[in-house]
Amino acid sequence: MTFPKRLPIPPEVLKIAKRLEEAGYETWCVGGAIRDNLLKLENHDFDLTTVAPPQEVQRLFKRTVPVGIEHGTVAVLDAHNTPHEVTTFRKDIKTDGRHAVVEFGVSLMDDLARRDFTVNAIAYHPLRHEWRDPFEGAADLERKLIRSVGDANWRFQEDYLRILRALRFSARFEFRIHSRTLEAAKANAQGLAQLSAERVRDEWWKGIASAARVSKLVTLWIDVGAARIWLPEVRERGEGRGFIGAVDKLPRDPVLITAHLATDPASLLTRLKCSNKDIERGRAIGQWRDMYPDPKHVVAVRRWLAEVGAYADDLLAMLPARTPPLSQLPKVVAAVRAAKDPLTLADLAVKGDDLIAAGVRPGPDVGEVLQQLLNAVIEDPVRNTREHLLQRVQEHRAGANHV
């Protein structure tokens with residue numbers, strides 16, 4: 001791969017680099033934006049690495065945020081309040097597989113040598129337009145190869161999250177993982193158990209969002225052993241790769257995709273420390289995904305919509321993996337929604353106060369009668385008029401067994 005003479009560095013980034021260089025601090029552009037631009041992918045989020053210590057970066061720029069100052073990273077805010085990360089050259093001197101203790105003030109070469117993969121260890125000087133590629137990352141980009149910088153075992157043991165990053169990059173760019181890097185990932189997979197659930201979840205979410213094919217990402221997680229540790233419900237499914245391939249037809253929604261893959265979605269989402277809302281969503285998907293109504297029976301469809309509530313669209317999104325008889329269900333659902341058929345208590349033509357005014361005893365009786373009325377109008381939406389429903393209430397009060 002031939003390096004371009006210049007990269008499209010944003011003016012705001014150039015301004016920061018120039019200020020640092022004028023103060024006597026060597027500064028280079030590094031990171032994903034370098035890689036992506038070499039792959040001709042649009043990415044203007046250029047990070048800077050510099051010999052300047054974090055405190056000096058804070059002194060040189062009036063508006064900064066210490067986003068990771070213990071690791072040497074300071075975000076410099078431009079005139080539009082956009083943050084640009086500036087990180088001091090660093091070298092890992094100790095690590096527990098999750099957190100690294102770093103040393104500042106080292107050389108660019110040392111800084112590049114601590115990076116995870118060769119394709120991420122390329123530097124570009126934004127003012128002199130010079131390139132540094134000591135680990136042949138550009139050649140690996142051309143070969144479509146993910147390869148660790150230096151010894152793969154050591155790279156992964158420095159931070160086990162790098163195993164998941166290798167899988168994400170492989171699935172995103174459809175690159176092959178170098179044999180020794182892949183072997184080291186498998187050999188060190190057990191170390192993934194040391195990671196926090198939040199870091200794993202974020203990496204899983206990013207992978208789903210960026211993969212060329214989500215099924216490739218899932219297969220990599222399974223083959224390397226990451227799924228066995230963090231997504232065991234996927235391993236237990238036992239429906240073969242055809243089941244996994246169905247994720248490629250789903251929306252890029254991480255909760256929906258995770259729920260589709262898991263035998264117990266709520267358990268998996270709980271392990272990943274997702275929000276209560278996401279966990280409940282997964283629980284509903286797990287509960288209802290095998291209980292679709294017959295599209296030929298509109299009443300059954302209305303009742304199903306009333307029961308599944310806000311999760312109907314999730315369940316409909318999973319239909320591509322279902323049998324042909326259900327293919328008409330989205331059309332029937334759309335027709336029910338277009339007709340504005342009553343499906344919830346809020347859709348009823350009467351409210352609780354109306355029932356109390358009609359003589360229903362306040363308390364649980366009101367809710368019970370409202371539910372019975374809803375059941376009736378789901379069967380026949382034409383009944384959803386104030387006059388008809390209040391008449392039904394009076395019949396109930398007169399001793400009828402059912403509203």
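This tour moves from the whole chain to its aromatic pairs and then to a set of paired strands.

**The whole chain**

The model is a predicted one. Begin with the complete protein in cartoon view, where the secondary structure amounts to 22 helices and 11 strands. The radius of gyration is 29 Å, whereas the globule rule gives 22 Å for 403 residues, so the protein is more spread out than a compact globule. Along the principal axes, the C-alpha trace spans about 90 × 50 × 40 Å.

Next, display the surface. The protein exposes about 19500 Å², and carbon and sulfur atoms supply 50% of that area. Of the 403 residues, 49% count as buried. Consider also the contacts between residues at least 6 apart in sequence: 64% of them join residues at least 24 apart.

**First selection: Phe3 and Trp131**

A search of the whole structure for aromatic pairs finds eight. Select Phe3 and Trp131 and show their side chains. The ring centres are 4.4 Å apart and the planes meet at 15°; the pair is therefore stacked, since planes under 30 degrees apart count as such. Which parts of the chain does this pair tie together? Phe3 belongs to the segment before helix H1 (11-22), and Trp131 to strand E9 (residues 131-132), so the pair connects parts that are 128 residues apart in sequence.

Are the two residues buried or exposed? Phe3 has a relative accessibility of 26% and counts as partly exposed, while Trp131, with a relative accessible area of 15%, is buried.

**Second selection: Phe169 and Phe173**

Move to helix H7 (residues 161-173), which holds both Phe169 and Phe173. These two residues are four apart, about one turn of the helix. Their rings form a stacked aromatic pair, with 6.4 Å from centre to centre and 20° between the planes. Phe169 is buried at a relative accessible area of 2%, and Phe173 also counts as buried, at 13% relative accessibility.

Now extend the selection to Phe117, Phe156 and Phe175. Ring pairs link these three residues with Phe169 and Phe173 into a cluster.

**Third selection: Arg19 and Phe61**

Select Arg19 together with Phe61. What lies over the face of Phe61? The residue in that position is Arg19, at 5.7 Å from the ring centre.

**Fourth selection: strands E3, E4 and E5**

Centre the view on strand E4 (residues 73-77). Four of its five residues are buried, so that the strand is mostly covered. Strand E3 (residues 64-68) runs antiparallel to E4 and is joined to E4 by three bridges. To locate one such position, select Val65 and its bridge partner in E4, Ala75. The hairpin of E3 and E4 has four residues between the strands, and Gly72 in this hairpin takes a positive phi near 95°.

Then add strand E5 (residues 83-88). How many bridges pair E4 with E5? There are five, and the pairing is antiparallel. One position to select is Val76, whose bridge partner in E5 is His84. Five residues separate the strands in the hairpin of E4 and E5, where Asn81 takes a positive phi near 65°.

The tour may end with E3, E4 and E5 displayed together: E4 pairs with E3 through three bridges and with E5 through five.

Definitions and conventions:
Residues numbered from 1 in each chain as written. Predicted model: local features only at pLDDT ≥ 70, side-chain atom pairs only at ≥ 80, totals over all residues. Heavy atoms only, no water. Phe/Tyr/Trp six-rings, centres within 6.5 Å; stacked < 30°, edge-to-face > 60°. Buried < 20%, exposed > 50% of the residue type's maximum accessible area, 1.4 Å probe, protein only. Lys NZ or Arg CZ within 6 Å of the ring centre and 35° of its normal. Rg over C-alpha atoms; globule rule 2.2 N^0.38 Å. Contact = heavy atoms within 4.5 Å. Areas by Shrake-Rupley, 256 points an atom, 1.4 Å probe, with all protein chains shown as cover. Pairing = 2+ DSSP bridges.
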